[in-house]
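Colleague: I would like to learn how to read a few features of a model. Could we go through some examples?

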Amino acid sequence: MSAKAISEQTGKEFLYKYICTTAAMQNRFCCATVTADTDWDRLTQDHPWLLTERLVVKPDQLIKRRGKLGLVAVDLNLEGVQEWLKSNLMTEITIGKAKGILKNFLIEPFVPHLQEEEFYVCVYTSREGSHVLFHHEVSCIFYFIFIVGLFNLYEDLYFTYLEINPLVVTKEGVYILDMAAKIDATADYICKPKWGDVVFPPPFGREAYPEEAYIADLDAKSGASLKLTLLNPRGRIWTMVAGGGASVVYSDTICDLGGVDELANYGEYSGAPSEQQTYDYAKTILSLMTNEKHPDGKVLIIGGSIANFTNVAATFKGIVRAIKDYQGPLKEHEVTIFVRRGGPNYQEGLRVMGEVGKTTGIPIHVFGTETHMTAIVGMALGHRPIPNQPPVAAHTANFLLNTSASAATPARTRNTSFCEHKLSTSVTDGMTPTAVEFKSNVCLSTPLAKATTLFSRQTKAIVWGMQTRAVQGMMDFDYVCSREEPSVVAMIYPFTGDHKQKFYWGHKEILLPVYKNMADAMKKHPDVDVLINFASLRSAFDSTMETMQYPQIHTIAIIAEGIPEALTRKLIKTSDEKGVTIIGPATVGGIKPGCFKIGNTGGMLDNILASKLYRPGSVAYVSRSGGMSNELNNIISHTTDGVFEGVAIGGDRFPGSTFMEHVLRYQDTPGVKMIVVLGEIGGTEEYNICQGIADGRITKPVVCWCIGTCATMFSSEVQFGHAGACANQASETAVAKNQALREAGAFVPNSFDELGDVIKFVYDDLVAKGIIVPAQEVPPPTVPMDYSWARELGLIRKPASFMTSICDERGQELIYAGMPITEVFKEEMGLGGVLGLLWFQRRLPRYACHFIEMCLMVTADHGPAVSGAHNTIVCARAGKDLVSSLTSGLLTIGDRFGGALDAAAKQFSKAFDSGLLPMEFVNKMKKDGVLIMGIGHRVKSINNPDMRVQILKDFVKQHFPSTQLLDYALEVEKITTSKKPNLILNVDGFIGVAFVDLLRTCGGFTRDEADEFVEIGTLNGIFVLGRSIGFIGHYLDQKRLKQGLYRHPWDDISYVLPEHMSM
């Protein structure tokens, strides 16, 4: 949502801190907050004026008309305030339908004043701009100076509403007495430095629950939309609905069927949340609903419209995980679950949901698009029977796989409207178009007229953003509509250079140009007149403003949700001046069957074909919700000859285009025979339709329903999923608007459940009158299924190019050998433990992890003279980068330097396992002329032992269960050192044989597994990893010392050239 109410204290802090005015502001920052936990001594220290001033005390909990309710005490000293609070603080009161506890109070200095010194000022936002209400007959200049400063503050801090009543103006200056304000929460990324961390209080009568804050935090961290409002935690009816519009429809239906007192929550999840995000959301709801038992058991409604792009099966996996985790409490609380969903891969999602019901024993009733969206509500509440075996919907693949041998495109007779119109009886064709002035909230000072026809079969579009899936969906739609060429001609992506992107046109691969800047794209594609903007909420404004500089563009779709209202209003003003139609923001777009679709509108191809969106029908619709627009596609396709055009204008308070603009376009479009409008609570745009019908500007049948009728039944204000779905006055309620539309002559059902029936009634009437003559259906061409989607559906299989068994980064959390990364840190496994997981796929004992870390420490470096460090240094001094220098050093590792770990382990193991005595082993190696790997050191000897080996030996002897191979190697050392004192068991050899003992005796490996790890070179990895630490150190050291190019001195080179040979 965008406009959120803030506390009076927060609003005054903003005002006192940031207002820029020469008016004398009195009592700045004199506000003290009191709760049940307040320390009065500390409070008076922080606000010493409490001890000297006369005071006012009042609750600060978004309560209106506090004075009339007797909730304001004035002209008291501090003791009087404390006494008054004793009888008011933490007391329960009822205001209207809302019952709540008074918890937060505000204390301010009392301002004695005359009645004529009280004034009123209010700044509020509408589609046209910001409005200021004030007393104009005031002689005090302070008042007007203050208003100017207040308005600038309003604009600068992105307020959406600010009321001061009363504002006291005296000769001393201006006093802010009572204040109410809302700010645009979507502007947080702009105003964060000034706002700080704003706490938005809940409406009076509703508690702020930690679970709501948890979901709000998830929502803030996600690109998806996750919302939760607890209405009655003891209620028996719980919902988990996908989509902002659908969530309102389900709440409406529950309340219509008498479930308002038992409705526990309102919420929604949408925007393709990940499996983990859906799991977190679902487990929160399941946890809440299993806190307290209900004598009649509980129901959970998992509903939603037909998704446009969300993979239903993927989101359902998260819900299924949560159900499995809570299966015990769910059965204990006698929870019954009802599921209805449609969209990409929904059949698999429903199958998985049905399976979990069977395996857990929880009653789960599953339905797809064959069932009306809200039918499960009636089933859950006992108003309609539950079908034993609901119809099985066709699999996604059934629509996409070519069932004929021919891939030819069918005859193009269906390219025109699906209806055969009788000109003599058509209401539209019988009318003479006239220019009628119609007054509405739309700006009337439009220099350029907007187009009546936004899309045609020749429409060319540019897509802003690297949205390859959406673009491919548009091309597939174009193909099944038998367009001659794709509707998308280019993409704009400013984060890469110009290049080509591959897509499919039917069976054929094509290349689409991608431009870094918009100017090049517009110049090279002058026939483009539509831009689809997938830019983020932070960049959508700038990219849209840039687009409107090009006269060739007449339609822009803005997909992003969360653009601040002030910026949207600037877009609206500019678009009106330039004659550009904006669809959005916060929309999925729109669709014109047989011609063009915006982005992901209409969903996957299976839904496009099931809803017959590949050819035009006779019904045009306009909706706010993108998800509900897809549901309208489904309803209209089942009750009429199909959709002619559909637009989702977006859920923001001020969408770029209005219901009325599109209704008037449909009125002036001959192919449209009837109009469907799905309005909603909030705003007054629907009243313009009423006026249009009354004035005779709209003559075609209009079927209209406004969702959000449940809002008037709630005891406290509820902000629904869409930013604009909140009534600020009685006329903005869905109930009032439905009544007005009905009285104006629109066809208004009694509920959303009946919407399809009313549409069918109007359509059948038009057919009976001959205004619509349904044409014969012509099948569309088949489109090959993408490999990735076919694999998602389980239709094909292919051997993977790679296999891995140590790590999985695909989920919400990184997993090492089956262990989540959070558990790795929680268990304090350290580097040795991580190495055990990734190298050995085992959770090694603590001593083993410590030994690995010790090995890395002792092998980290052995000075600059060894070959590996020397090479690294030379490479670094030659100006090479870190990776090149490190690689140069690592390439010297082998049998002669550092690579003896594996060889030593193999030689000693073979000898020990063969039963050779140490002396026999030494003699055999001498006889064969083979060096014993791991024996010998250039510097260290039996008389000058290597302390690294001694440290490791002490640890191994103390902690390893058995050291048979190490003992064998030490016996060999006694023999070799007796011949020469430097033939000691060196650090490589020690680590090699000790590691064999570790693998064989720690209990985590079989003998074959232990031998395999030695055979495949695992032990050398210890030296490579450890010595990399030192090599990097040498590289950084040379760079820090700024050493120049190394050249080896001549006097350290022995030049041995062949003698001159003369003939």
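Modeller: The turns below take up a sheet, a helix, two buried residues and a record entry. Keep in mind that this is a predicted model.

Colleague: Start with the open sheet of four strands. In what order do the strands lie, and how do they pair?

Modeller: Strand order is read across the sheet, from one neighbour to the next. Here the order is β2-β7-β3-β4, and the pairing is antiparallel.

Colleague: Which strands stand at the edges?

Modeller: They are β2 (32-34) and β4 (73-76); each has a single partner strand, so one side of each has no neighbour in the sheet. From one strand to the next, the twist averages 25°.

Colleague: Over how many bridges do β3 and β4 pair?

Modeller: Two bridges join β3 (residues 55-59) to β4, in the antiparallel sense. On that pair, L55 is opposite L76 of β4.

Colleague: What does helix α1 touch when it packs on the sheet?

Modeller: Helix α1 (residues 8-18) touches β2, β3 and β7 (105-109), and its direction makes about 40° with that of β7.

Colleague: Now helix α22. Which of its residues are buried?

Modeller: In α22 (residues 734-744) the buried residues are A734, K737, N738, A740 and L741. They span an arc of only 165° around the axis, so they lie on the same side of α22.

Colleague: What covers the buried residues of α22?

Modeller: The cover includes β30 (674-680), α21 (685-695) and β31 (702-707). Directly after α22 comes G745, with a positive phi of about 115°.

Colleague: Take single residues next. Is T284 buried or exposed?

Modeller: A residue is called buried if its relative accessible area is under 20%. T284 has 7%, so T284 is buried. T284 belongs to helix α8 (residues 275-289). Apart from residues up to four places away in sequence, T284 touches E211, Y214, I215 and L228.

Colleague: And where is the place of S305?

Modeller: S305 is in the loop between β16 (298-302) and α9 (312-325). With 3% relative accessibility, S305 also counts as buried. Neighbours within four places in sequence aside, S305 is in contact with A242, A246, R340, R341, G342, M373, G627, M628 and E631.

Colleague: Last, the record. Where does UniProt place the feature "domain: CoA-binding"?

Modeller: An annotation of this kind is read as a statement of the record. The UniProt entry, which is unreviewed, puts that feature at residues 454-563. In the model, this span is 25% helix and 29% strand, and its end C-alpha atoms lie 24 Å apart.

Definitions and conventions
Residues numbered from 1 in each chain as written. Predicted model: local features only at pLDDT ≥ 70, side-chain atom pairs only at ≥ 80, totals over all residues. Heavy atoms only, no water. Pairing = 2+ DSSP bridges. Axes fitted to C-alpha atoms, helices over the stretch in contact; angles between N-to-C directions. Contact = heavy atoms within 4.5 Å. Buried < 20%, exposed > 50% of the residue type's maximum accessible area, 1.4 Å probe, protein only. Arc of directions from axis to C-beta. UniProt positions renumbered as here; feature names shortened; annotations may be inferred.
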